[in-house]
Amino acid sequence: MKLEVKIRKSGGLNQLRNSGMVPGVVYGRGTENTNISVSRTALENALKMAGENTLLDLDLAGGKSKHVLIHDVQVDPLKDYPTHVDFLEVRLDQKIKAEIPIVFVGEAPAIKEMGGVLVKSLNHIEVEAFPQNLPHNIEVSISALKTFEDHIVVSDIKTGPNVKILSPGDMVLATVIPPRSEAEL
């Protein structure tokens with residue numbers, strides 16, 4: 001995914017934000033920090049489509065392009081739009097570590113047939129991969145949760161050969177607990 005940015009000078013951040021732009025910075029190991037600005041709409045679209053774990057191509061002035069990941073986004077708490085963004089420049093020939101969100105899919109028989117409640121213990125797992133191989137998210141099927149004693153652990157996750165899971169394999173991702181009785185409530 002490509003994102004057009006402009007190189008900016010220091011100062012005038014409120015005026016920049018009022019004009020629909022978001023100030024930001026691009027940094028990385030062995031590179032000089034670059035102050036940039038990006039259209040708020042384009043940044044919001046990139047966040048929705050790519051998220052924080054997808055490789056982006058930043059188009060800078062002068063035809064230069066940089067491979068980056070969205071590292072941090074500051075959001076206005078009242079208006080709920082980005083006010084600053086940090087891009088981490090990455091090299092495509094070096095593996096990086098990242099937190100990848102887990103998305104639970106499917107239907108658990110323990111929920112459907114026994115009225116249980118799904119308990120999610122983890123929302124992210126740590127992986128290592130080349131930047132271009134980082135998954136946007138990892139889908140985990142909960143269909144293996146047939147009883148209240150069943151659980152899904154990190155070692156149950158299957159990823160491609162290009163992604164190595166760093167989180168401990170015995171960490172529980174999800175389980176189903178029995179519903180509470182009226183006496184307990």
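**Briefing: cores, salt bridges and a three-stranded sheet**

V154 sits in the loop that runs between β11 and β12 (164–165). The model is a predicted one. V154 is buried, its relative accessible area being 2%. The chain around it comprises 3 helices and 13 strands. With a radius of gyration of 21 Å, the chain is well over the 16 Å that the globule rule gives for 185 residues, so it is more spread out than a compact globule.

**Overall dimensions and burial**

- Taken along the principal axes, the box filled by the C-alpha atoms of the chain is roughly 65 × 40 × 20 Å.
- Buried residues make up 38% of the 185 residues of the chain.
- Among contacts with a separation of 6 or more, 63% are between residues 24 or more positions apart.

**Nonpolar cores**

- The largest nonpolar core holds 26 residues, and I125, L134, V140 and L173 have the most contacts inside it.
- At least two residues of this core come from each of β7 (96–105), β9 (124–129), β10 (138–141) and β13 (172–177).
- β7 provides the largest share of this core, with 5 residues.
- A second core, separate from the largest one, has 17 residues, among them V26, A46, A50 and L58.

**Contacts of I125 and V154**

- Neighbours within four places in sequence aside, I125 is in contact with A98, E99, I100, I102, I138, V154, I157, I165, S167 and L173.
- V154, with residues up to four places away in sequence not counted, touches L122, I125, I165, S167, P168, G169, M171 and L173.
- I125 and V154 thus appear in each other's contact lists.
- The accessible area of V154, 2%, is under the 20% cut-off, so this loop residue counts as buried.
- From C-alpha to C-alpha, V154 and G51 are 22 Å apart in space, and they are 103 residues apart in sequence.

**The sheet β8-β13-β11**

- Three strands form an open sheet in the order β8-β13-β11, and their pairing is antiparallel.
- β8 (117–120) and β11 (151–153) are the edge strands, each of them pairing on one side only.
- On average, neighbouring strands of this sheet are turned by 15° against each other, with direction ignored.
- β11 and β13 run antiparallel and are joined by 3 bridges.
- T175 in β13 has H151 standing opposite.
- β13 also carries V172, which is partly exposed at 31% relative accessibility.
- Leaving out residues up to four places away in sequence, V172 touches S121, L122, H151, I152 and V153.
- V172 and D156 lie 16 residues apart in sequence, and their C-alpha atoms are 9.7 Å apart in space.

**Salt bridges**

- Side chains of opposite charge can pair when their charged atoms come close.
- The count of salt bridges in this model comes to 3.
- One of them joins E89 and K66, whose closest N and O atoms are 3.5 Å apart.
- This pair links distant parts of the chain, 23 residues apart: E89 belongs to strand β6 (residues 82–89) and K66 to strand β5 (residues 65–75).
- E89 is partly exposed at 21% relative accessibility, whereas K66 is buried at 11%.
- The cut-off for buried is under 20%, so E89 at 21% does not count as buried.
- Another salt bridge is formed by the side chains of R91 and D93, with an N to O distance of 2.8 Å.
- R91 is partly exposed, its relative accessibility being 46%.
- K112 and E107 also meet through their side chains in a salt bridge, at 3.5 Å from N to O.
- K112 counts as exposed at 61% relative accessibility, and E107 as partly exposed with a relative accessible area of 49%.
- Exposed means over 50%, so K112 at 61% falls in that class, while E107 at 49% is still partly exposed.

Note on methods: Residues numbered from 1 in each chain as written. Predicted model: local features only at pLDDT ≥ 70, side-chain atom pairs only at ≥ 80, totals over all residues. Heavy atoms only, no water. Core = buried A, V, L, I, M, F, W, Y, C linked by side-chain atoms within 4.5 Å. Buried < 20%, exposed > 50% of the residue type's maximum accessible area, 1.4 Å probe, protein only. Helix = DSSP H or I, 4+ residues; strand = E, 2+ residues; numbered from the N terminus. Contact = heavy atoms within 4.5 Å. Salt bridge = Lys/Arg side-chain N within 4 Å of Asp/Glu carboxyl O. Pairing = 2+ DSSP bridges. Axes fitted to C-alpha atoms, helices over the stretch in contact; angles between N-to-C directions. Rg over C-alpha atoms; globule rule 2.2 N^0.38 Å.
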